[in-house]
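Dear colleague,

I am passing on the structure below for you to look over. My notes on what was found follow directly after it.

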Amino acid sequence: MPAALCLSPGSWETAAKDPIPHSQPQPGIMAATALKPLIAVCQLTSTPDKEQNFASCSRLIREAAQRGACVVFLPEAFDFIGSDTQETLSLAESLEGAQIQRYAGLARECQVWLSLGGFHERGEDWASTRRIYNCHLLLDPTGHVVATYRKTHLCDVDLEGRVSMKESNFTNPGPEIVLPVSTPAGKIGLAICYDLRFPEISLALTQEGAEILTYPSAFTVTTGSAHWEALLRARAIETQCYVVAAAQTGKNHERRTSYGHTMVVDPWGCVIAQCQEGPGLCYAEIDLGYLRRIRQEMPVCTHRRADLYGRVTVLKKPPPP
């Protein structure tokens, strides 16, 4: 599906004379200039085969690093998509397990930041609960885990005759929002898939300085075709952030097909990069000067009426006694 036509601020009056200097690279093509940080966003078809999935991810990460990307984003369930709950729980690992160590090695080898968009994590309470977390990790180029966000909004939906899933049957909700992390591309705020439907988390992250919001996902075809692009562009427009959405695509197993359409949206709501059908990569430059210009020319953050409807903030966890 082609990206929507989008005019930058001021372009409806001065496009012929003074177009806004914001580059919109085509998917898969690295810009000739290295003045702005380049990010790479992966589209995958994960299956229950963890080795096959790792091989696919490592190939894309290495390709992105060769193109000069400083941050590589992987989708939700990059590690695997199980065919049923029992298989999902049996394949899950702890953050100290072999799978994350392999990705830490890839980050070091390629000297890139990695957004691992939704890892099936056996947490510290695994022995007592037999339930997992959907965990978004951010790794730096030394392979160090600098942030872990556990999905707070779990996808429990039942669209009669179309989609039925209940993530809460086997997944614990995350206990907190994680503060944005400074990277070479900008300050990244972490979220996962179904979180996209809740603008509060994106507003809270923006209040804490986020410049890039991430929504690694595995949308179904039914929900994706109806809502995916509309939601991503809405989050970008209302927060004036870049929105990066790595996605699962195609047939994951006999009972599961994902929507795909990995994309990057700029702070004006324009789709500036998008994957086509099948696994692959798209690339985008992050222009923080452009972001700051939009926020200066239309300062919606300062226009909010907290006196009327309150202020959305990240609740800080109290210190331990």
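Val264 stands opposite Ala273 in β15, and the two strands concerned, β14 and β15, run antiparallel and are joined by three bridges (strands pair if DSSP finds at least two bridges between them). They form a hairpin with five residues between them, and in its turn Gly269 has a positive phi of about 95°. Helices (H or I, at least four residues) and strands (E, at least two) are DSSP runs numbered from the N terminus.

Please bear in mind that this is a predicted model, in which local features need pLDDT of at least 70 and side-chain atom pairs count only at pLDDT 80 or more, whereas totals for chains, interfaces and linings use all residues. Residues are numbered from 1 along each chain as its sequence is written, and side-chain values use heavy atoms, with hydrogens and water left out.

The hairpin belongs to an open sheet of six strands with mixed pairing, in the order β8-β9-β10-β11-β14-β15. Because β8 (181–183) and β15 (271–274) stand at the edges with a single partner strand each, one side of each is left without a neighbour in the sheet. The twist averages 25° from one strand to the next (axes are lines fitted to C-alpha atoms, for helices over the stretch in contact, and angles run from 0 to 180 degrees between N-to-C directions). Further along, β9 pairs with β10 (residues 212–214) in the parallel sense over three bridges, and Ile212 in β10 is the bridge partner of Ile188. Helix α7 (residues 221–239) packs on the sheet, where it touches β10, β11, β14 and β15, and its direction makes about 30° with that of β14; contact here means heavy atoms within 4.5 Å.

In helix α8 (residues 288–297), the buried residues are Leu288, Tyr290, Leu291 and Ile294 (buried means under 20% relative accessible area, exposed over 50%, partly exposed in between, with a 1.4 Å probe and protein chains only). They cover an arc of only 155° around the axis, which puts them on the same side of α8; the arc is that of the directions from the helix axis to the C-beta atoms. These buried residues pack against β9 (186–190) and β11 (242–245).

Elsewhere, ring pairs link Phe54, Phe78, Tyr103 and Phe119 into a cluster (rings of Phe, Tyr and Trp, the last by its six-membered ring, pair if their centres lie within 6.5 Å; planes under 30 degrees apart count as stacked, over 60 as edge-to-face and the rest as tilted).

Best regards
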